[in-house]
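Colleague: Could you take me through one part of this model, the pockets and what surrounds them? A close look would help me.

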Amino acid sequence: MTDVAEDDTGNSVLLYARDIHVAYAEETVLADVSLALEPGGCLALVGANGSGKSTLLRVCVGRRQPDRGEVRFAGDAPREADPAFRRDVGLLLDGAECFPDLTVAEHVRMVATAHGLGPRADAAADGVLAELGLDHRGDAFPDSLSAGQRQMLLLASVLVRPPRLIVVDEPEQRLDTAARRRLAAVLRAAKTAGTAVLLASHDRATVEEVADRVLLLDRGRAAALGTPAEVTGGAEASPWR
């Protein structure tokens, strides 16, 4: 894949979507929504259920083709079947599953090995499991985990490798407060390492701790774009319904 591009102000852009329009039958799901994300930045999508957050994530990774508009990742159209895209982009979207016959540690080490970490795979797996508070369940199988622990296992499988972009849909779901804090810390560390993060979230604390900018969607339209304080800091509660 090519390197990052630049926007009109000269800032580097790894991922952009421009004038995305998606409709199902007669219902408009996204109406001319645009976004841009630079390396090491985090953009959070917020809004009520049904506002178009998950659809926009799927469009950004090539799982759903827009009816109109353009998406580019590192200069190219996103294609999930492309090995280079799978190497560069870590995804946690609806329908993600664990490997039932692998232990927690085996699962994460396999992902690390498959993404080129080689002799560093074991240490990387051990490290991310410790950061997410799952190291004490390394020998457990997925069906013995709680719902929150399974969510952490899926997150560990995304975070153990060094992607250029992480795309996650409501990563905080099924996590308690302590686990959400660990998640936020790991995402901040990924940003510091230069990874871009695109997430949809209903959790104000996660958004405020991780996101640099917030895009508020309202019935498929971009209602506001700004810092977390600008978009979610007031009395308006609509992002969290």
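Modeller: Sure, let's begin with the second largest pocket, which holds about 280 Å³ of space. This is a predicted model, with local features needing pLDDT of at least 70, side-chain atom pairs counting only at pLDDT 80 or more, and totals for chains, interfaces and linings using all residues. Residues are numbered from 1 along each chain as its sequence is written, and side-chain values use heavy atoms, with hydrogens and water left out.

A pocket here is worked out on a 1 Å grid over the protein atoms alone, as an open set of points where a 1.4 Å probe fits, with protein on both sides within 12 Å along at least five of seven lines; a lining residue has an atom within 4 Å of a point. Grid points are joined across faces, edges and corners, and the volume is the space filled by probe spheres set on the points.

Back to that second largest pocket: 18 residues line it, and Ala96, Glu97, Gln151, Leu154 and Arg174 lie nearest its centre. H5 gives the most to this lining, with four residues (helices are DSSP runs of H or I with at least four residues, strands are runs of E with at least two, and both are numbered from the N terminus). By class, the lining has nine nonpolar, three polar and six charged residues. In that scheme Ala, Val, Leu, Ile, Met, Phe, Trp, Tyr, Cys and Pro are nonpolar, Asp, Glu, Lys and Arg are charged, and the others, Gly among them, are polar.

Now the largest pocket, with a volume of about 500 Å³. Its lining has 22 residues, of which Leu91, His115, Ser157, Val158 and Arg161 lie nearest the centre. Helix H2 (83-88), strand S7 (89-92), helix H3 (104-114) and helix H5 (147-159) are the elements that give two or more residues to this lining. The largest share, four residues, comes from H3. Sorted by class, the largest pocket's lining has 12 nonpolar, four polar and six charged residues.

S7 also takes us into the sheet. Six strands make up an open sheet with mixed pairing, in the order S7-S8-S9-S5-S10-S11; two strands count as paired if DSSP finds at least two bridges between them. S7 and strand S11 (221-226) are the edge strands, each pairing on one side only. S7 pairs with strand S8 (residues 165-169) in the parallel sense, over four bridges, and Val89 has Leu165 as its bridge partner in S8.
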